[in-house]
Amino acid sequence: KDQYAQLLVEMKANPQFNRALEEMTIVSAAKIGREVLRPEQDLLAFFTGEQQLFAFLIKAGAETVQARVIPRTVALNTALANWNTAIYQRQNATYVQYGHQLFVTLVAPFFPRGLPPDLVIIPDGELGALPFGALLTAPVDASAQNDCRHHPYLIRQVALCQWFSASSFVATQRQTLPAAWQQQLLAYAPAFRPLPVTPLPA
């Protein structure tokens, strides 16, 4: 607690930190639903804790937020820890198993009547490393797990984008884009393969 208190003191004494606080605009969930999201566009945001994940859904035009608590079970932690590795190392059986499991756990409970046409995802913690578009919306039979061209990827059913934070999403939606960008824009954030840890020389 003493270290945390000291950190707060140091941050408040930093001019750049204070300037960032002054420039930060806090937007309510209701305002995001009313003014930021397009028709038929939903925003699904996550917060990761040590024992639980918290998920929040904002729907276009809605005044309220739907919230769910997702327990950090052994099965969920295992899927989170191994799914990206399965992608990079082309472990197809593991990929299809965890890809559908993560969809059922993280996304599907919010949409019992079907997925929205347009979905914005705000991940947190280790969820930021998940390519949500590659989640599988249905199980894949063992005989078809190597036929990646026909998997039921989430990106096949929804227009999907991931943002680093809800505030950055809101700020970007309020910007006027150059005319050339308003036609077509494809943007990426970098991802990196897990690298072996090399000990520093003594």
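User: What stands behind an accessible area here, and what is the accessible surface of the protein?

Analyst: Accessible areas come from the Shrake-Rupley method with a 1.4 Å probe, and for residues only the protein chains shown count as cover. On that basis the protein has an accessible surface of about 13,700 Å², with 56% of it belonging to carbon and sulfur atoms. The model is predicted: local features need pLDDT of at least 70 and side-chain atom pairs count only at pLDDT 80 or more, while totals for chains, interfaces and linings use all residues. Residues are numbered from 1 along each chain as its sequence is written, and side-chain values use heavy atoms, leaving out hydrogens and water.

User: How many helices and strands are there, and what makes a stretch count as one?

Analyst: Both are DSSP runs numbered from the N terminus: a helix is H or I over at least four residues, a strand is E over at least two. The protein comes to six helices and five strands by that rule. Along the sequence they follow the pattern α-α-α-β-β-β-α-α-β-β-α.

User: Why is aspartate 42 called buried or exposed?

Analyst: Buried means under 20% relative accessible area, exposed means over 50%, and partly exposed lies in between (1.4 Å probe, protein chains only). Aspartate 42 has 3% relative accessibility, so it counts as buried. Buried residues make up 30% of the 202 residues in the protein.

User: What makes aspartate 42 and lysine 59 a salt bridge?

Analyst: The term asks for a side-chain nitrogen of Lys or Arg within 4 Å of a carboxyl oxygen of Asp or Glu. In this pair the closest N and O atoms are 2.8 Å apart, and the bridge is counted. It links distant parts of the chain, with aspartate 42 in strand β1 and lysine 59 in strand β2, 17 residues apart. Lysine 59, at 31% relative accessibility, is partly exposed.

User: How many salt bridges does the rule give, and how do you know that aspartate 118 takes part in one?

Analyst: The count comes to four salt bridges. Aspartate 118 pairs with arginine 38, their closest N and O atoms being 2.5 Å apart, which satisfies the cut-off. Aspartate 118 is in strand β4 and arginine 38 in the loop between α3 and β1, 80 residues apart. Aspartate 118 counts as buried because its relative accessibility is 14%, whereas arginine 38 is partly exposed at 41%.

User: Why is arginine 72 classed as buried or partly exposed, and which residue is its salt-bridge partner?

Analyst: Arginine 72 has a relative accessible area of 17%, so it is buried. Its partner is glutamate 126, with the closest N and O atoms 2.8 Å apart. Glutamate 126, at 35%, is partly exposed.

User: How many disulfides are there, and what would make one?

Analyst: A disulfide needs a pair of cysteine sulfur atoms within 2.5 Å. The count is zero. Among the cysteines, cysteine 148 is partly exposed at 32% relative accessibility, and cysteine 161 is partly exposed at 27%.

User: Which residues does threonine 105 touch, and what makes that a contact?

Analyst: Contact means heavy atoms within 4.5 Å. Leaving aside residues up to four places away in sequence, threonine 105 touches Ile70 and Leu76. Threonine 105 sits in helix α5 (residues 92-107). The C-alpha atoms of threonine 105 and isoleucine 70 are separated by 7.7 Å, and the two residues are 35 apart along the chain. Threonine 105 is partly exposed, since its relative accessible area is 25%.

User: What joins asparagine 92 and asparagine 146, and why does it qualify?

Analyst: A polar contact is a pair of N or O atoms within 3.5 Å; within protein, one must be able to donate a hydrogen and the other to accept it, and residues adjacent in sequence count only if both atoms are side-chain atoms. The side chains of asparagine 92 and asparagine 146 are joined at 2.7 Å, so the pair qualifies. Asparagine 92 is in helix α5 and also touches Gln145 and Cys148. Glutamine 145, in the loop between β4 (118-122) and β5 (159-162), counts as buried because its relative accessibility is 19%.

User: Which residues of helix α3 are buried, and what do they pack against?

Analyst: In α3 (residues 29-36), Ala30, Ile32, Gly33 and Val36 are buried. The buried residues of α3 pack against β1 (41-48), β2 (52-59) and α6 (166-173).
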